[in-house]
Amino acid sequence: MGVACAPILLWGTLLKERPLVHNRYLGMLAVCLYLIFQSRSRAAIVATLFSCGLMCFALRKFKAFTQGLGAILILVAAYALIQPTAFSNSIAGLTSSVVYKGHDPTQGVLASRESPWQAAVETISSNFWFGTGFGTADTGKEVAEGTGRFSTTRGVNTENGSSYLAIVEWVGMLGVLPFLFVVLALVGKSFHTVRWMVRTGNPSHPAVPLAMVMVAGLIHAAFEDWLFAPGYYLCVFFWSLAFVLVDVAPKSLPDVVPGRPWFFRQAAGSMAPRA
């Protein structure tokens with residue numbers, strides 16, 4: 001939801017459509033954001049906030065961003081007034097399940113990620129140049145039950161806590177170079193598209209939602225292991241859109257001076273000399 005749906009649905013609300021179509025996009029976006037919130041996934045929440053915020057600011061849709069934030073604050077305030085006890089319990093539960101993931105707050109926000117990250121770093125140190133093999137993991141345990149027929153068994157699998165650590169662990173520092181070039185090329189295309197958005201302020205380009213999906217995916221992949229897992233549906237979706245972005249990304253920047261936000265225009269108008 002955070003990588004594939006939220007940026008595309010937000011992009012749909014920014015297009016000039018009939019009121020019925022616009023309201024349908026808004027309804028689906030509201031359901032999408034609710035599901036992301038209910039998932040308690042910090043990676044999805046951060047990826048959604050960053051990609052959607054970047055889209056609004058790059059396209060200078062400050063009004064839409066303010067209205068969305070205001071609607072969320074109104075709903076939260078109404079819930080706190082109607083059910084103050086339930087709201088207090090919900091905040092405490094969210095702090096524990098989302099921010100600290102059930103760990104002791106004194107251990108820090110990333111306590112749930114430290115253990116898999118440390119294990120991945122140790123494996124990388126042991127297999128620095130060539131890795132353990134693409135799609136494999138050194139668990140340090142003897143597997144008695146063998147591999148699964150249709151899916152990987154837990155005994156031969158391990159969590160790295162990051163797609164980038166996972167690919168380095170699999171192929172080593174030498175093998176990761178081609179993957180690094182692909183990711184950097186994708187970052188370059190996304191950055192070029194964002195610059196085009198800033199220059200034009202026009203959401204009516206197919207590269208806009210694709211670039212925002214790339215931004216959300218690259219952020220989300222820093223905390224999950226799916227980016228280079230060919231058997232995972234989000235990996236297939238992400239890289240399919242990545243290859244499309246390479247073809248449809250804007251080739252050059254237009255000679256258009258980006259409009260300034262309304263508060264800069266108002267300030268400039270108030271300081272202009274009057275006849």
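User: Let's start with one side chain. Which backbone atom lies 3.3 Å from a polar atom of the side chain of Ser 41?

Analyst: Good place to begin! This is a predicted model. To read a polar contact, look for a pair of N or O atoms within 3.5 Å, one able to donate a hydrogen and the other to accept it. Here the partner of the Ser 41 side chain is the backbone nitrogen of Ala 44, at 3.3 Å.

User: Where does Ser 41 sit along the chain?

Analyst: Ser 41 belongs to the loop between α2, residues 19–39, and α3, residues 42–58.

User: Is Ser 41 buried or exposed?

Analyst: The idea is to compare relative accessible area with a cut-off: under 20% is buried, over 50% is exposed, and partly exposed lies in between. Ser 41 has 17% relative accessibility, so it counts as buried.

User: Arg 40 is in that loop too. How should I read its accessibility?

Analyst: With the cut-offs I just gave, Arg 40 is partly exposed, because its relative accessibility is 27%. Its backbone deserves a look as well: phi of Arg 40 is near 60 degrees, a positive value in a residue other than glycine.

User: What is phi of Arg 60, and where is that residue found?

Analyst: Phi of Arg 60 is near 60 degrees, again positive in a residue other than glycine. Arg 60 is located in the loop between α3 and α4, the latter spanning 62–82. At 25% relative accessibility, Arg 60 is classed as partly exposed.

User: Back to Ser 41. Which residues does His 220 contact, leaving aside neighbours within four places in sequence?

Analyst: For contacts, check for heavy atoms within 4.5 Å. His 220 then touches Val 3, Ser 41, Ala 43, Ala 44, Ala 47 and Trp 226. Notice that Ser 41 and Ala 44, the pair from our opening polar contact, are both among these partners of His 220.

User: Which helix holds His 220, and is the residue buried or exposed?

Analyst: His 220 is part of helix α8, residues 207–220. Its relative accessible area is 10%, so His 220 is buried.

User: Can we zoom out? How many helices and strands does the protein chain have?

Analyst: Ten helices and zero strands. Of the 275 residues in the chain, 33% are buried. For contacts, take pairs at least 6 apart in sequence: 72% of them join residues at least 24 apart.

User: And how much accessible surface does the chain have?

Analyst: The total is about 16,600 Å², and carbon and sulfur atoms account for 66% of that surface.

Key: Residues are numbered from 1 along each chain as its sequence is written. This is a predicted model: local features need pLDDT of at least 70, side-chain atom pairs count only at pLDDT 80 or more; totals for chains, interfaces and linings use all residues. Side-chain values use heavy atoms; hydrogens and water are left out. Helices (H or I, at least four residues) and strands (E, at least two) are DSSP runs, numbered from the N terminus. Buried means under 20% relative accessible area, exposed over 50%, partly exposed in between (1.4 Å probe, protein chains only). Accessible areas come from the Shrake-Rupley method with a 1.4 Å probe; for residues, only the protein chains shown count as cover.
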